[in-house]
Amino acid sequence: MITGDIKNKVDQIWDIFWTAGITNPITILEQMTYLFFMKMIDDSQLRQEKTANIFGNKLSNPTFPDGEWLNPEDGPSAVPVRYDDMRWHTFRDFSADNMFAIVQKSVFPFIRQIGSGEASAYARYMKNAIFLIPNARTLQRVVDEIDSLPMDKRDAMGDVYEYILGKMAASSTNGQFRTPRHIIAMMVNLMEPRLGDRICDPAMGSAGFIVESARYITEHERDRLRTDKAAKDVFNNQTFFGFDTDQTMLRIGAMNMMLHDVTNPHIAWRDSLSSDNEDEDDYSLILANPPFAGSLDYEQVNKKILALAKTKKTELLFISQFIRSLEPGGRCASIVPDGVLFGSSTAHKAIRKELVDGQCLRAVISMPSGVFKPYAGVSTAILIFTKTNSGGTDRVWFYDMKADGFSLDDKRQPIAANDIPDIIERFRNLDAPSTGSGQAEADRTRKDQSFFVPADEIRANDYDLSINKYKEVEREQVHYDAPEVIFAEIEALEADVQQRMERLKRLFT
């Protein structure tokens, strides 16, 4: 859990950038990640050197070897720089001007060219990175603040980075990159990812879903990951996949994964809807909040995706791609706009029919419209299904989420009302029988907050998946007095007022 002291340090770093004229939240976050990376690779080598010295060994393939480095970008005019001077623990003690000169002209170009070892996932997306810290004083102040952060503790740094992402989301236009963390955590807990899963987010943004999946697996497989080298290799190299079309978000997402101790996630630039995406029967779990709108090059959309739903609506195309890219038996939890649940177009109906008849649709969780405020007030839902390619939907579980632990206005302040624990508990026990202490889901009625709907009833309603189509609203009959009784009460009140007015007048006459 991030402490108040660390939050204050992050806020101070943020303010330093603003004071220096860097006000775009994405730019601030990106520049901070570059500096985090500089410190992390030096800290990593310091730990390796310490271990090597204990055993009297020489460090093999160090990021910073002995000798000097020539920047290949400078060509024949390159000036040699000592590798040691490019290390964080060295240049942090330089004067402000010397620090700025070596970071801008040497360290930054150097980290853009790193491409092996733990740095690889992040370094792949450094090619087009731009160093934008404007002056020596700003760099020195930021370096001093970062140096005091607990970067030797991955859990703490993961919390720091998520706090920074939260600040980015709170800064207006960039909120679309961040699904609220508690909603991500709920979806991950519903799907219960496990070691051996191949987990993918085809529209990953800052990698929130795969980071939370990594956290979940780490918590539940801690001993195995600590003692089983093969399990750790699977976790690092074969479990996490994320794609995006924004190089900045790829860098941010890769750093986010590194700070959560995933050293080699498969993160790549990719338009998941394009014909270049060959993913098919590849993943065992997809978690996503795909874009609901935006630019789309319809001519480049993969024909296999269009075969299921010929449309330009990205939310429908992504569901089609999820089905395609899951392996048989694979699971998916995806946020969708409410229109997917009841839209009347041919494509809308085709997608819903495929989920119910072609796959196994398990749940529809309707969320209140304020979940994504202040960035958007759109109503959304979570679709949960399993790929079978042979149907299997006997009944669908519906849940009407009314509260998520935060107020549903633009302020989103914490409140006591929260349906998320109930959603997780009920979903994990959908098939549990009734007991003396609780009611089984199968016994709940349409008047309850959650209930089952048979697949045949959904088919009869043109595959409509909106909860209001099936929920029974219990209306209490209200009895009012007869008009003559109400009039008599009003007249009595008027008479009482007149009497009091007369007594009040006599007091002043």
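This is a walk through a predicted model of a single protein chain, from its overall layout to a few individual residues.

Let's start with the whole chain. It has 509 residues, and 50% of them are buried. Its secondary structure comprises 19 helices and 13 strands. If you draw a box along the principal axes, the C-alpha atoms fill roughly 100 × 85 × 50 Å. Turning to contacts between residues with a separation of 6 or more, 72% link residues 24 or more positions apart. The chain exposes about 24600 Å², and carbon and sulfur atoms supply 48% of that area. Charges come next: there are 60 positive and 75 negative ones, and the mean positions of the two sets are 1 Å apart.

Now look at the surface, where two patches make good landmarks. The nonpolar patch brings together Val497, Met501, Leu504, Leu507 and Phe508, and covers about 550 Å². To find Phe508, follow helix H19 (483-507) to its end and step into the segment after it. Phe508 has a relative accessible area of 69%, so it counts as exposed, the cut-off being over 50%. The other patch is negative and is formed by Asp271, Asp276, Glu278, Asp297 and Glu299. Within this group, Glu278 sits in the loop between strand S5 (266-269) and strand S6 (283-288). Glu278 is exposed as well, with 66% relative accessibility.

While you are in the loop between S5 and S6, have a look at Asp281, which is found there too. Asp281 is partly exposed, at 39% relative accessibility. What is the sign of phi at Asp281? It is positive, near 55°, and the residue is not a glycine. As background, most residues other than glycine have a negative phi.

A positive phi turns up elsewhere in the chain. Asp462 has a phi near 60°. Asp462 belongs to the loop between helix H18 (455-460) and H19, and at 40% relative accessibility it counts as partly exposed. Glu192 also has a positive phi, near 50°, and follows directly on helix H8.

That brings us to H8 itself, which spans residues 181-191. Its buried residues are Ile183, Ile184, Met186, Met187, Val188, Leu190 and Met191. Continue past Glu192 and you reach the loop between H8 and strand S3 (199-201), where Asp197 lies. Is Asp197 buried or exposed? With a relative accessible area of 4%, Asp197 is buried, because the cut-off for that class is under 20%. Setting aside neighbours within four places in sequence, Asp197 is in contact with Gln238, Thr239, Ser284, Leu285 and Arg331. Two of these partners, Ser284 and Leu285, carry numbers that fall inside strand S6 (283-288). For a sense of scale, compare Asp197 with Asp462: they are 265 residues apart in sequence, and their C-alpha atoms are 34 Å apart in space.

Finally, let's follow the salt bridges, of which the chain has 29. Arg82 is a good place to begin, as it pairs with two aspartates. One of its partners is Asp84, where the closest N and O atoms are 3.7 Å apart. The other is Asp85, with an N to O distance of 2.7 Å. How do these residues sit relative to the surface? Arg82 is partly exposed at 41% relative accessibility, and Asp84 is partly exposed at 29%. Asp85, by contrast, has a relative accessible area of 18%, so it falls under the 20% cut-off and counts as buried.

Another pair to look at is Glu221 and Arg224, whose side chains meet in a salt bridge at 4.0 Å, N to O. Both residues are partly exposed: Glu221 has 22% relative accessibility, and Arg224 has 40%.

Salt bridges can also join into a network, as they do for Lys353, Asp357, Asp456 and Arg459. Two members, Asp456 and Arg459, have numbers within helix H18 (455-460). From H18 the chain runs on through the loop that holds Asp462 and leads to H19, and beyond H19 you are back at Phe508.

How values were computed. Residues numbered from 1 in each chain as written. Predicted model: local features only at pLDDT ≥ 70, side-chain atom pairs only at ≥ 80, totals over all residues. Heavy atoms only, no water. Helix = DSSP H or I, 4+ residues; strand = E, 2+ residues; numbered from the N terminus. Buried < 20%, exposed > 50% of the residue type's maximum accessible area, 1.4 Å probe, protein only. Contact = heavy atoms within 4.5 Å. Areas by Shrake-Rupley, 256 points an atom, 1.4 Å probe, with all protein chains shown as cover. Lys, Arg positive; Asp, Glu negative; His and termini not counted. Charge placed at Lys NZ, Arg CZ, Asp CG, Glu CD. Patch = residues over 30% accessible without salt bridge, like charges linked within 9 Å, V, L, I, M, F, W, Y side chains within 5 Å.
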